[in-house]
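Open the model in your viewer and keep the sequence panel beside it. This tour goes from stop to stop, saying what to select and what to look for.

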Amino acid sequence: MAMSLQTTPGSRDLSRFPHVVVIGGGFAGVATARGLADKDVRVTVVDKHNFHTFLPLLYQVATAGLEPADVAYPIRTIFGQADNIGFRHGRVREVDHARSIIVLDDDSEIAFDHLVVATGATAAFFGIPGASRFAMPLYSLADARRLRNRLLLALEEADVQSEHSTASLNFVVVGGGPTGVETSGALSELIRIAIKRDGLRLDPSRFRIVLVDLAPRLLTAFPESASRYAKRELESLGVEVEFGRSVVEVEEHAIRFADGERLETAAVIWAAGVTSSGTLAHDLQASAGPGGRARVTPDLRLLESTNVWAVGDAAAVPLSNTEFCPQLAPVAIQTGRHCAEQILRVLNEEATTPFKYRNKGIMATIGRHAAVAKLPHGAVIKGTAGWLAWLGLHLWYLIGFRNKIRVMINWTWRYFDWPSGPRLIVADAETAE
Ligand SMILES: Cc1cc2nc3c(=O)[nH]c(=O)nc-3n(C[C@H](O)[C@H](O)[C@H](O)COP(=O)(O)OP(=O)(O)OC[C@H]3O[C@@H](n4cnc5c(N)ncnc54)[C@H](O)[C@@H]3O)c2cc1C
(Lines give C-alpha, C1' and ligand atoms only; values in the text may rest on other atoms or scores of the structure.)
Protein backbone atom coordinates (compact mmCIF):
# COMPACT_ATOMS: atom_id res chain seq x y z
CA MET A 1 0.00 0.00 0.00
CA ALA A 2 1.33 3.47 -0.91
CA MET A 3 2.18 5.60 2.13
CA SER A 4 1.25 9.30 2.23
CA LEU A 5 4.46 11.31 2.65
CA GLN A 6 3.14 14.62 3.90
CA THR A 7 4.48 16.68 6.79
CA THR A 8 2.99 15.41 10.05
CA PRO A 9 3.42 17.89 12.91
CA GLY A 10 3.81 16.80 16.53
CA SER A 11 5.42 13.66 17.90
CA ARG A 12 5.37 10.71 15.53
CA ASP A 13 6.09 7.03 15.66
CA LEU A 14 9.08 6.99 13.33
CA SER A 15 9.73 3.26 13.57
CA ARG A 16 7.05 2.43 10.96
CA PHE A 17 8.64 4.75 8.36
CA PRO A 18 11.10 3.59 5.67
CA HIS A 19 14.76 4.13 6.63
CA VAL A 20 16.89 6.32 4.35
CA VAL A 21 20.62 6.21 5.08
CA VAL A 22 22.73 9.07 3.67
CA ILE A 23 26.50 8.48 3.66
CA GLY A 24 28.27 11.86 3.75
CA GLY A 25 27.39 15.20 5.36
CA GLY A 26 28.88 17.42 2.65
CA PHE A 27 26.85 19.70 0.37
CA ALA A 28 25.10 16.78 -1.34
CA GLY A 29 24.31 14.72 1.77
CA VAL A 30 23.05 17.75 3.70
CA ALA A 31 20.83 18.81 0.77
CA THR A 32 19.40 15.28 0.53
CA ALA A 33 18.64 15.06 4.24
CA ARG A 34 17.14 18.57 4.25
CA GLY A 35 14.82 17.50 1.44
CA LEU A 36 13.62 14.62 3.63
CA ALA A 37 13.24 16.65 6.84
CA ASP A 38 9.79 16.34 8.43
CA LYS A 39 8.62 13.84 5.80
CA ASP A 40 7.36 10.37 6.66
CA VAL A 41 10.77 8.73 6.44
CA ARG A 42 13.46 8.01 9.02
CA VAL A 43 16.84 9.40 7.98
CA THR A 44 20.31 8.59 9.29
CA VAL A 45 23.23 10.70 8.07
CA VAL A 46 26.55 8.86 8.50
CA ASP A 47 29.86 10.70 8.27
CA LYS A 48 33.43 9.96 9.35
CA HIS A 49 33.58 13.57 10.58
CA ASN A 50 30.98 14.96 12.97
CA PHE A 51 30.94 18.20 10.99
CA HIS A 52 30.10 19.52 7.54
CA THR A 53 33.06 21.23 5.83
CA PHE A 54 32.69 24.21 3.50
CA LEU A 55 35.46 23.14 1.10
CA PRO A 56 35.56 26.35 -1.02
CA LEU A 57 37.05 28.29 1.92
CA LEU A 58 39.61 25.68 3.04
CA TYR A 59 42.40 27.63 1.37
CA GLN A 60 41.71 30.56 3.72
CA VAL A 61 42.12 28.23 6.73
CA ALA A 62 45.37 26.91 5.21
CA THR A 63 46.73 30.43 4.76
CA ALA A 64 45.67 31.59 8.25
CA GLY A 65 42.87 33.87 7.08
CA LEU A 66 40.04 31.95 8.79
CA GLU A 67 39.73 29.58 11.75
CA PRO A 68 38.82 25.92 11.11
CA ALA A 69 35.59 26.45 13.06
CA ASP A 70 34.57 29.25 10.65
CA VAL A 71 34.22 26.79 7.76
CA ALA A 72 32.85 23.76 9.61
CA TYR A 73 29.52 23.08 11.28
CA PRO A 74 28.34 20.13 13.44
CA ILE A 75 26.07 17.85 11.40
CA ARG A 76 23.91 17.12 14.45
CA THR A 77 23.26 20.85 14.88
CA ILE A 78 22.22 21.25 11.23
CA PHE A 79 19.41 18.75 11.79
CA GLY A 80 18.74 19.43 15.48
CA GLN A 81 15.19 20.67 14.75
CA ALA A 82 14.15 17.77 12.49
CA ASP A 83 12.66 14.93 14.53
CA ASN A 84 13.15 12.35 11.74
CA ILE A 85 16.88 12.93 11.07
CA GLY A 86 19.61 11.31 13.16
CA PHE A 87 23.40 11.28 12.87
CA ARG A 88 25.85 8.40 13.16
CA HIS A 89 29.56 9.20 13.45
CA GLY A 90 31.74 6.65 11.69
CA ARG A 91 33.42 5.64 8.44
CA VAL A 92 31.46 3.36 6.15
CA ARG A 93 33.63 0.48 4.91
CA GLU A 94 31.29 -1.28 2.53
CA VAL A 95 27.79 -1.56 1.12
CA ASP A 96 26.19 -5.01 1.10
CA HIS A 97 23.62 -4.64 -1.68
CA ALA A 98 22.18 -8.15 -1.25
CA ARG A 99 21.34 -7.58 2.43
CA SER A 100 20.62 -3.81 2.07
CA ILE A 101 23.03 -2.90 4.85
CA ILE A 102 26.12 -0.75 5.24
CA VAL A 103 29.08 -1.85 7.34
CA LEU A 104 31.11 0.64 9.35
CA ASP A 105 34.76 0.46 10.33
CA ASP A 106 33.81 -0.76 13.83
CA ASP A 107 31.95 -3.71 12.16
CA SER A 108 28.54 -2.34 13.11
CA GLU A 109 25.80 -2.64 10.49
CA ILE A 110 22.97 -0.31 9.54
CA ALA A 111 20.03 -1.58 7.46
CA PHE A 112 18.44 0.69 4.86
CA ASP A 113 15.40 0.84 2.61
CA HIS A 114 17.08 3.51 0.49
CA LEU A 115 20.77 4.41 0.51
CA VAL A 116 22.25 7.71 -0.73
CA VAL A 117 25.99 7.73 -1.40
CA ALA A 118 27.31 11.29 -1.00
CA THR A 119 30.91 10.54 -0.12
CA GLY A 120 32.53 13.21 -2.32
CA ALA A 121 35.96 12.86 -3.89
CA THR A 122 39.58 13.07 -2.81
CA ALA A 123 42.85 14.52 -4.11
CA ALA A 124 44.17 12.95 -7.33
CA PHE A 125 47.93 12.28 -7.30
CA PHE A 126 48.04 10.51 -10.71
CA GLY A 127 50.49 7.92 -9.39
CA ILE A 128 53.33 10.49 -9.34
CA PRO A 129 56.05 9.08 -7.08
CA GLY A 130 56.15 10.75 -3.67
CA ALA A 131 53.13 13.00 -4.35
CA SER A 132 50.65 11.36 -1.96
CA ARG A 133 53.36 11.12 0.72
CA PHE A 134 55.05 14.51 0.57
CA ALA A 135 52.78 16.94 -1.29
CA MET A 136 50.09 18.69 0.73
CA PRO A 137 46.53 18.37 -0.63
CA LEU A 138 43.64 20.58 0.37
CA TYR A 139 40.58 18.41 0.66
CA SER A 140 39.70 18.30 4.37
CA LEU A 141 39.86 20.51 7.42
CA ALA A 142 42.77 18.41 8.70
CA ASP A 143 44.59 19.02 5.37
CA ALA A 144 44.07 22.77 5.80
CA ARG A 145 45.38 22.77 9.38
CA ARG A 146 48.35 20.63 8.39
CA LEU A 147 49.21 23.03 5.57
CA ARG A 148 48.82 26.06 7.82
CA ASN A 149 51.24 24.47 10.28
CA ARG A 150 53.74 23.72 7.52
CA LEU A 151 53.59 27.27 6.11
CA LEU A 152 53.91 28.96 9.51
CA LEU A 153 56.72 26.60 10.58
CA ALA A 154 58.58 27.41 7.36
CA LEU A 155 58.31 31.12 8.16
CA GLU A 156 59.57 30.58 11.73
CA GLU A 157 62.51 28.48 10.49
CA ALA A 158 63.37 31.14 7.95
CA ASP A 159 63.37 33.74 10.72
CA VAL A 160 65.81 31.64 12.78
CA GLN A 161 68.12 31.14 9.79
CA SER A 162 67.82 34.71 8.57
CA GLU A 163 71.21 35.78 9.91
CA HIS A 164 73.25 33.07 8.19
CA SER A 165 71.27 32.06 5.12
CA THR A 166 70.32 33.77 1.92
CA ALA A 167 68.93 30.60 0.31
CA SER A 168 65.55 31.07 -1.26
CA LEU A 169 62.46 29.51 0.27
CA ASN A 170 60.31 27.93 -2.43
CA PHE A 171 56.63 27.16 -2.15
CA VAL A 172 55.40 25.26 -5.19
CA VAL A 173 51.68 25.11 -5.94
CA VAL A 174 50.80 22.35 -8.42
CA GLY A 175 47.62 23.08 -10.41
CA GLY A 176 46.33 26.27 -11.98
CA GLY A 177 42.61 25.72 -11.34
CA PRO A 178 40.60 27.79 -8.83
CA THR A 179 42.14 26.11 -5.76
CA GLY A 180 45.74 26.62 -6.98
CA VAL A 181 45.08 30.23 -7.98
CA GLU A 182 43.28 31.08 -4.73
CA THR A 183 45.91 29.40 -2.54
CA SER A 184 48.85 31.08 -4.34
CA GLY A 185 47.32 34.55 -3.97
CA ALA A 186 46.45 34.03 -0.30
CA LEU A 187 49.90 32.56 0.45
CA SER A 188 51.58 35.62 -1.01
CA GLU A 189 49.45 37.83 1.23
CA LEU A 190 50.18 35.67 4.29
CA ILE A 191 53.93 36.07 3.78
CA ARG A 192 53.64 39.82 3.24
CA ILE A 193 51.54 40.24 6.42
CA ALA A 194 53.78 37.96 8.50
CA ILE A 195 56.74 40.18 7.60
CA LYS A 196 54.91 43.48 7.99
CA ARG A 197 52.91 42.75 11.14
CA ASP A 198 54.59 39.90 13.03
CA GLY A 199 58.12 41.26 13.00
CA LEU A 200 59.58 38.22 11.25
CA ARG A 201 63.15 39.00 10.20
CA LEU A 202 62.72 37.93 6.63
CA ASP A 203 63.86 39.39 3.36
CA PRO A 204 60.78 39.18 1.08
CA SER A 205 63.05 38.53 -1.91
CA ARG A 206 64.02 35.16 -0.37
CA PHE A 207 60.48 33.84 -0.92
CA ARG A 208 59.33 32.32 -4.17
CA ILE A 209 55.79 31.12 -4.78
CA VAL A 210 55.78 29.14 -8.01
CA LEU A 211 52.46 28.05 -9.50
CA VAL A 212 52.98 25.29 -12.07
CA ASP A 213 50.56 23.66 -14.47
CA LEU A 214 50.84 21.35 -17.45
CA ALA A 215 48.17 23.39 -19.29
CA PRO A 216 49.10 26.50 -21.30
CA ARG A 217 46.92 28.79 -19.17
CA LEU A 218 45.32 29.23 -15.73
CA LEU A 219 41.64 28.53 -14.98
CA THR A 220 40.97 26.50 -18.12
CA ALA A 221 37.23 26.31 -17.32
CA PHE A 222 37.06 30.10 -17.79
CA PRO A 223 37.43 32.15 -21.01
CA GLU A 224 40.97 33.16 -21.97
CA SER A 225 40.49 36.78 -20.91
CA ALA A 226 39.84 35.56 -17.34
CA SER A 227 43.00 33.39 -17.47
CA ARG A 228 45.12 36.36 -18.58
CA TYR A 229 43.60 38.53 -15.86
CA ALA A 230 44.27 35.90 -13.16
CA LYS A 231 47.90 35.56 -14.30
CA ARG A 232 48.46 39.32 -14.23
CA GLU A 233 46.92 39.62 -10.76
CA LEU A 234 48.97 36.74 -9.38
CA GLU A 235 52.17 38.15 -10.84
CA SER A 236 51.39 41.52 -9.25
CA LEU A 237 51.34 39.62 -5.93
CA GLY A 238 54.78 38.18 -6.69
CA VAL A 239 53.62 34.70 -7.75
CA GLU A 240 55.64 33.11 -10.58
CA VAL A 241 53.33 31.31 -13.02
CA GLU A 242 54.85 28.55 -15.16
CA PHE A 243 52.96 26.58 -17.84
CA GLY A 244 53.76 23.28 -19.53
CA ARG A 245 55.48 21.98 -16.36
CA SER A 246 55.05 18.27 -15.75
CA VAL A 247 55.82 17.04 -12.22
CA VAL A 248 57.56 13.64 -12.20
CA GLU A 249 58.40 13.25 -8.51
CA VAL A 250 57.84 14.89 -5.14
CA GLU A 251 60.49 14.40 -2.45
CA GLU A 252 60.34 15.42 1.19
CA HIS A 253 61.97 18.78 0.49
CA ALA A 254 62.04 19.00 -3.31
CA ILE A 255 60.07 18.63 -6.50
CA ARG A 256 61.32 17.27 -9.83
CA PHE A 257 60.02 18.17 -13.29
CA ALA A 258 60.05 16.26 -16.59
CA ASP A 259 62.66 18.67 -18.01
CA GLY A 260 65.09 17.51 -15.31
CA GLU A 261 64.88 20.55 -13.01
CA ARG A 262 64.90 19.74 -9.29
CA LEU A 263 63.73 22.53 -7.00
CA GLU A 264 64.25 22.55 -3.21
CA THR A 265 60.92 23.31 -1.53
CA ALA A 266 59.55 24.41 1.83
CA ALA A 267 56.18 22.96 0.79
CA VAL A 268 54.54 21.46 -2.28
CA ILE A 269 50.84 22.33 -2.28
CA TRP A 270 48.80 19.87 -4.36
CA ALA A 271 45.83 21.39 -6.19
CA ALA A 272 46.06 19.24 -9.30
CA GLY A 273 42.54 17.78 -9.34
CA VAL A 274 40.20 15.32 -7.65
CA THR A 275 39.20 11.70 -8.06
CA SER A 276 36.71 9.32 -6.53
CA SER A 277 39.04 6.35 -7.01
CA GLY A 278 39.85 4.91 -3.61
CA THR A 279 36.60 6.19 -2.09
CA LEU A 280 33.45 4.22 -1.26
CA ALA A 281 31.69 5.48 -4.44
CA HIS A 282 34.38 3.87 -6.58
CA ASP A 283 33.96 0.50 -4.86
CA LEU A 284 30.19 0.42 -5.46
CA GLN A 285 30.27 -0.74 -9.05
CA ALA A 286 32.37 -3.04 -11.13
CA SER A 287 32.73 -0.37 -13.82
CA ALA A 288 33.20 3.05 -12.26
CA GLY A 289 32.56 6.21 -14.31
CA PRO A 290 34.96 9.05 -15.15
CA GLY A 291 37.29 10.01 -12.30
CA GLY A 292 36.24 6.89 -10.38
CA ARG A 293 32.73 8.32 -9.88
CA ALA A 294 29.68 6.04 -9.54
CA ARG A 295 27.64 5.93 -12.75
CA VAL A 296 24.00 6.85 -12.21
CA THR A 297 20.80 6.87 -14.26
CA PRO A 298 19.17 10.24 -15.06
CA ASP A 299 17.06 9.98 -11.86
CA LEU A 300 20.35 9.49 -9.88
CA ARG A 301 20.10 5.79 -9.03
CA LEU A 302 23.11 3.52 -9.39
CA LEU A 303 22.93 1.58 -12.64
CA GLU A 304 20.98 -1.61 -12.03
CA SER A 305 19.81 -0.60 -8.56
CA THR A 306 16.33 0.34 -7.37
CA ASN A 307 17.22 1.72 -3.94
CA VAL A 308 20.84 2.93 -4.00
CA TRP A 309 21.43 6.50 -5.17
CA ALA A 310 24.59 8.57 -5.67
CA VAL A 311 24.85 12.38 -5.58
CA GLY A 312 27.41 15.20 -5.62
CA ASP A 313 31.09 14.63 -6.37
CA ALA A 314 30.66 10.87 -5.86
CA ALA A 315 28.33 10.54 -8.85
CA ALA A 316 28.93 10.66 -12.62
CA VAL A 317 25.70 12.51 -13.37
CA PRO A 318 24.86 12.61 -17.08
CA LEU A 319 24.71 16.12 -18.55
CA SER A 320 24.29 14.95 -22.14
CA ASN A 321 25.00 11.75 -24.06
CA THR A 322 28.73 12.38 -23.87
CA GLU A 323 29.25 14.71 -20.89
CA PHE A 324 28.90 14.56 -17.13
CA CYS A 325 28.13 17.31 -14.60
CA PRO A 326 31.18 19.09 -13.14
CA GLN A 327 32.22 18.41 -9.53
CA LEU A 328 30.98 21.68 -8.03
CA ALA A 329 29.00 22.71 -4.95
CA PRO A 330 25.86 23.75 -6.91
CA VAL A 331 25.76 20.33 -8.61
CA ALA A 332 26.08 18.64 -5.21
CA ILE A 333 23.27 20.72 -3.71
CA GLN A 334 20.97 20.31 -6.71
CA THR A 335 21.53 16.54 -7.01
CA GLY A 336 20.95 16.17 -3.25
CA ARG A 337 17.61 17.99 -3.45
CA HIS A 338 16.58 16.06 -6.54
CA CYS A 339 17.47 12.74 -4.95
CA ALA A 340 15.32 13.49 -1.88
CA GLU A 341 12.36 14.27 -4.17
CA GLN A 342 12.87 11.06 -6.12
CA ILE A 343 13.03 8.88 -3.01
CA LEU A 344 9.73 10.37 -1.85
CA ARG A 345 8.28 9.71 -5.31
CA VAL A 346 9.38 6.07 -5.25
CA LEU A 347 7.92 5.61 -1.76
CA ASN A 348 4.67 7.17 -2.99
CA GLU A 349 4.74 4.80 -5.97
CA GLU A 350 5.06 7.69 -8.43
CA ALA A 351 7.31 7.81 -11.50
CA THR A 352 10.72 9.45 -11.01
CA THR A 353 11.94 12.43 -13.07
CA PRO A 354 15.38 13.01 -14.61
CA PHE A 355 17.84 15.44 -12.99
CA LYS A 356 18.36 18.75 -14.84
CA TYR A 357 21.43 20.82 -13.90
CA ARG A 358 20.89 24.56 -13.55
CA ASN A 359 24.26 26.16 -14.24
CA LYS A 360 25.04 28.83 -11.63
CA GLY A 361 28.40 29.86 -13.11
CA ILE A 362 31.89 29.50 -11.64
CA MET A 363 34.19 31.79 -9.68
CA ALA A 364 37.75 32.12 -8.43
CA THR A 365 39.31 34.78 -6.23
CA ILE A 366 42.86 36.10 -6.57
CA GLY A 367 44.04 37.84 -3.42
CA ARG A 368 42.00 40.30 -1.43
CA HIS A 369 40.35 42.54 -4.00
CA ALA A 370 40.24 40.57 -7.23
CA ALA A 371 38.20 37.70 -8.58
CA VAL A 372 36.82 36.33 -11.81
CA ALA A 373 33.31 35.01 -12.27
CA LYS A 374 31.91 33.29 -15.34
CA LEU A 375 28.16 33.77 -15.38
CA PRO A 376 25.81 31.00 -16.60
CA HIS A 377 25.47 32.60 -20.06
CA GLY A 378 29.23 32.97 -20.49
CA ALA A 379 29.75 36.65 -19.56
CA VAL A 380 32.81 37.27 -17.36
CA ILE A 381 33.02 39.65 -14.38
CA LYS A 382 36.51 40.64 -13.20
CA GLY A 383 38.09 42.80 -10.50
CA THR A 384 36.34 44.21 -7.45
CA ALA A 385 32.83 43.51 -8.83
CA GLY A 386 33.79 39.84 -9.27
CA TRP A 387 35.28 39.81 -5.80
CA LEU A 388 32.12 41.24 -4.21
CA ALA A 389 30.01 38.67 -6.10
CA TRP A 390 32.36 35.94 -4.81
CA LEU A 391 32.03 37.20 -1.20
CA GLY A 392 28.22 37.37 -1.36
CA LEU A 393 27.82 33.92 -2.85
CA HIS A 394 30.16 32.21 -0.40
CA LEU A 395 28.46 33.86 2.58
CA TRP A 396 25.08 32.76 1.23
CA TYR A 397 26.08 29.10 0.99
CA LEU A 398 28.10 28.94 4.23
CA ILE A 399 26.16 26.93 6.83
CA GLY A 400 25.48 28.48 10.25
CA PHE A 401 24.54 32.05 11.19
CA ARG A 402 27.49 32.40 13.57
CA ASN A 403 29.91 31.27 10.84
CA LYS A 404 28.41 33.77 8.37
CA ILE A 405 28.82 36.66 10.84
CA ARG A 406 32.37 35.68 11.82
CA VAL A 407 33.49 35.28 8.23
CA MET A 408 31.84 38.54 7.18
CA ILE A 409 33.52 40.49 10.01
CA ASN A 410 36.83 38.84 9.19
CA TRP A 411 36.61 39.71 5.48
CA THR A 412 35.54 43.32 6.18
CA TRP A 413 38.49 43.68 8.53
CA ARG A 414 40.82 42.22 5.98
CA TYR A 415 39.53 44.39 3.16
CA PHE A 416 41.11 47.39 4.87
CA ASP A 417 44.21 45.54 6.09
CA TRP A 418 45.14 42.12 7.50
CA PRO A 419 46.59 42.87 10.92
CA SER A 420 45.28 39.82 12.72
CA GLY A 421 44.48 36.25 11.76
CA PRO A 422 44.88 32.79 13.27
CA ARG A 423 48.60 32.43 12.54
CA LEU A 424 48.85 29.57 15.06
CA ILE A 425 50.93 26.41 14.81
CA VAL A 426 48.76 23.72 16.41
CA ALA A 427 50.85 20.58 16.66
CA ASP A 428 48.10 17.95 16.97
CA ALA A 429 46.94 18.62 13.39
CA GLU A 430 49.71 16.29 12.15
CA THR A 431 47.96 13.27 13.60
CA ALA A 432 44.33 14.13 12.77
CA GLU A 433 42.65 12.76 9.66
C1 LIG B 1 39.65 23.07 -1.94
C2 LIG B 1 38.35 23.02 -2.69
C3 LIG B 1 37.77 24.20 -3.14
C4 LIG B 1 36.57 24.18 -3.84
N5 LIG B 1 36.01 25.35 -4.27
C6 LIG B 1 34.81 25.34 -4.90
C7 LIG B 1 34.19 26.55 -5.28
O8 LIG B 1 34.74 27.63 -5.09
N9 LIG B 1 32.97 26.48 -5.89
C10 LIG B 1 32.34 25.28 -6.12
O11 LIG B 1 31.23 25.27 -6.65
N12 LIG B 1 32.92 24.11 -5.76
C13 LIG B 1 34.13 24.12 -5.16
N14 LIG B 1 34.73 22.93 -4.79
C15 LIG B 1 34.02 21.68 -5.07
C16 LIG B 1 32.92 21.45 -4.04
O17 LIG B 1 33.40 21.74 -2.76
C18 LIG B 1 32.46 20.01 -4.16
O19 LIG B 1 31.89 19.85 -5.43
C20 LIG B 1 31.43 19.66 -3.07
O21 LIG B 1 32.01 19.78 -1.79
C22 LIG B 1 30.91 18.26 -3.28
O23 LIG B 1 30.00 17.99 -2.27
P24 LIG B 1 29.75 16.49 -1.80
O25 LIG B 1 28.72 16.54 -0.73
O26 LIG B 1 29.50 15.63 -2.97
O27 LIG B 1 31.15 16.00 -1.19
P28 LIG B 1 31.95 16.57 0.05
O29 LIG B 1 31.67 17.99 0.30
O30 LIG B 1 33.37 16.17 -0.22
O31 LIG B 1 31.40 15.72 1.28
C32 LIG B 1 31.61 14.32 1.37
C33 LIG B 1 31.36 13.90 2.81
O34 LIG B 1 31.39 12.49 2.87
C35 LIG B 1 32.13 12.08 4.03
N36 LIG B 1 32.66 10.74 3.73
C37 LIG B 1 33.45 10.39 2.69
N38 LIG B 1 33.69 9.06 2.70
C39 LIG B 1 33.01 8.56 3.77
C40 LIG B 1 32.86 7.24 4.31
N41 LIG B 1 33.44 6.16 3.73
N42 LIG B 1 32.13 7.10 5.43
C43 LIG B 1 31.53 8.17 6.03
N44 LIG B 1 31.65 9.45 5.55
C45 LIG B 1 32.37 9.63 4.43
C46 LIG B 1 33.20 13.15 4.18
O47 LIG B 1 33.67 13.20 5.52
C48 LIG B 1 32.44 14.41 3.78
O49 LIG B 1 31.82 15.02 4.88
C50 LIG B 1 35.93 22.94 -4.08
C51 LIG B 1 36.52 21.74 -3.64
C52 LIG B 1 37.72 21.79 -2.95
C53 LIG B 1 38.35 20.51 -2.48
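## First stop: a loop residue

Select Glu349, which sits in the loop between H9 and E23. Keep in mind that this is a predicted model. Is Glu349 buried or exposed? It counts as exposed, because 9 C-beta neighbours lie inside 10 Å, and the cut-off for exposed is 12 or fewer. Now check the backbone. Glu349 has a positive phi of about 60 degrees, although it is not a glycine.

## The two domains

Colour the chain by domain. Domain 1 covers 14-48 + 90-121 + 276-347, and domain 2 covers 131-274 + 369-430. The C-alpha centres of domain 1 and domain 2 are 32 Å apart.

## The ligand

Centre the view on the ligand. Its shell holds 33 residues. Which of them come nearest? Gly24, Gly26, Ala28, Gly120 and Gly312 do.

Next, show the elements that build the shell. Helix H1 (27-36), strand E2 (42-47), H6 and helix H9 (329-347) each supply at least two residues. Colour the shell by residue type: 18 are nonpolar, eleven polar and four charged.

Where does the ligand lie relative to the domains? Domain 1 and domain 2 both give residues to the shell, so the ligand lies between them.

## Helix H1

Stay with H1 and select the whole helix. Eight of its ten residues are buried, so H1 is largely enclosed by the rest of the structure. The buried ones are Phe27, Ala28, Gly29, Val30, Ala31, Thr32, Ala33 and Leu36.

Pick Val30 in this helix. Val30 is buried, because 25 other C-beta atoms lie within 10 Å and 20 or more is enough. Leave out residues up to four places away in sequence, and Val30 touches Gly25, His52, Ile78 and Gly336. Now draw a distance from Val30 to Ala332. They are 302 residues apart in sequence, yet 9.5 Å apart in space, C-alpha to C-alpha.

Move on to Asp38, in the loop between H1 and E2. Its phi is near 65 degrees, a positive value in a residue other than glycine. Asp38 is partly exposed, with 16 other C-beta atoms within 10 Å.

## The nonpolar core

Hide the loops and look for the largest nonpolar core. It has 126 residues, and those with the most contacts inside it are Val117, Val174, Ala310 and Val311. Which element gives the most to this core? H9 does, with eight residues. Both domain 1 and domain 2 give residues to this core, so it lies between them.

Zoom in on Val311. Set aside its neighbours within four places in sequence. Val311 is then in contact with Ala28, Thr32, Val116, Ala118, Leu300, Ala332, Thr335, Gly336 and Cys339.

## Arg301

Select Arg301, in the loop between strand E20 (294-295) and strand E21 (308-310). Is this loop residue buried or exposed? Arg301 counts as buried, because it has 21 C-beta neighbours inside 10 Å. Not counting residues up to four places away in sequence, Arg301 touches Val296, Thr306, Val308 and Trp309. Then find Cys339. It is 38 residues from Arg301 along the chain, with 8.5 Å between the C-alpha atoms.

## Leu147

Jump to helix H5 (residues 141-161) and pick Leu147. Leu147 is buried, with 25 other C-beta atoms within 10 Å. It touches Ala62, Met136, Leu138 and Ile269, not counting residues up to four places away in sequence. Draw one more distance, from Leu147 to Ile425. These two are 278 residues apart in sequence and 10.0 Å apart in space, C-alpha to C-alpha.

## Last stop: helix H7

Select residues 224-236, helix H7. Its 13 residues reach 18 Å from the first C-alpha to the last, close to the 18 Å expected at 1.5 Å a residue.

Show the buried residues of H7: Ala226, Ser227, Tyr229, Ala230, Lys231, Glu233 and Leu234. What do they pack against? Their partners are helix H6 (178-197) and five strands to select in turn: E13 (207-213), E14 (239-243), E23 (362-366), E24 (370-374) and E25 (380-382).

Finish just after H7, at Gly238, which takes a positive phi of about 90 degrees.

Methods
Residues are numbered from 1 along each chain as its sequence is written. This is a predicted model: local features need pLDDT of at least 70, side-chain atom pairs count only at pLDDT 80 or more; totals for chains, interfaces and linings use all residues. Helices (H or I, at least four residues) and strands (E, at least two) are DSSP runs, numbered from the N terminus. The expected span of a helix is 1.5 Å times one less than its number of residues. Two residues are in contact if their C-beta atoms, placed from the backbone, lie within 7 Å. A residue is near a molecule or strand if its C-beta atom, placed from the backbone, lies within 6 Å of it. Ala, Val, Leu, Ile, Met, Phe, Trp, Tyr, Cys and Pro count as nonpolar, Asp, Glu, Lys and Arg as charged, and the others, Gly among them, as polar. Domain bounds come from an automatic or database domain assignment. A nonpolar core is a set of buried Ala, Val, Leu, Ile, Met, Phe, Trp, Tyr and Cys residues joined through C-beta atoms within 7 Å.
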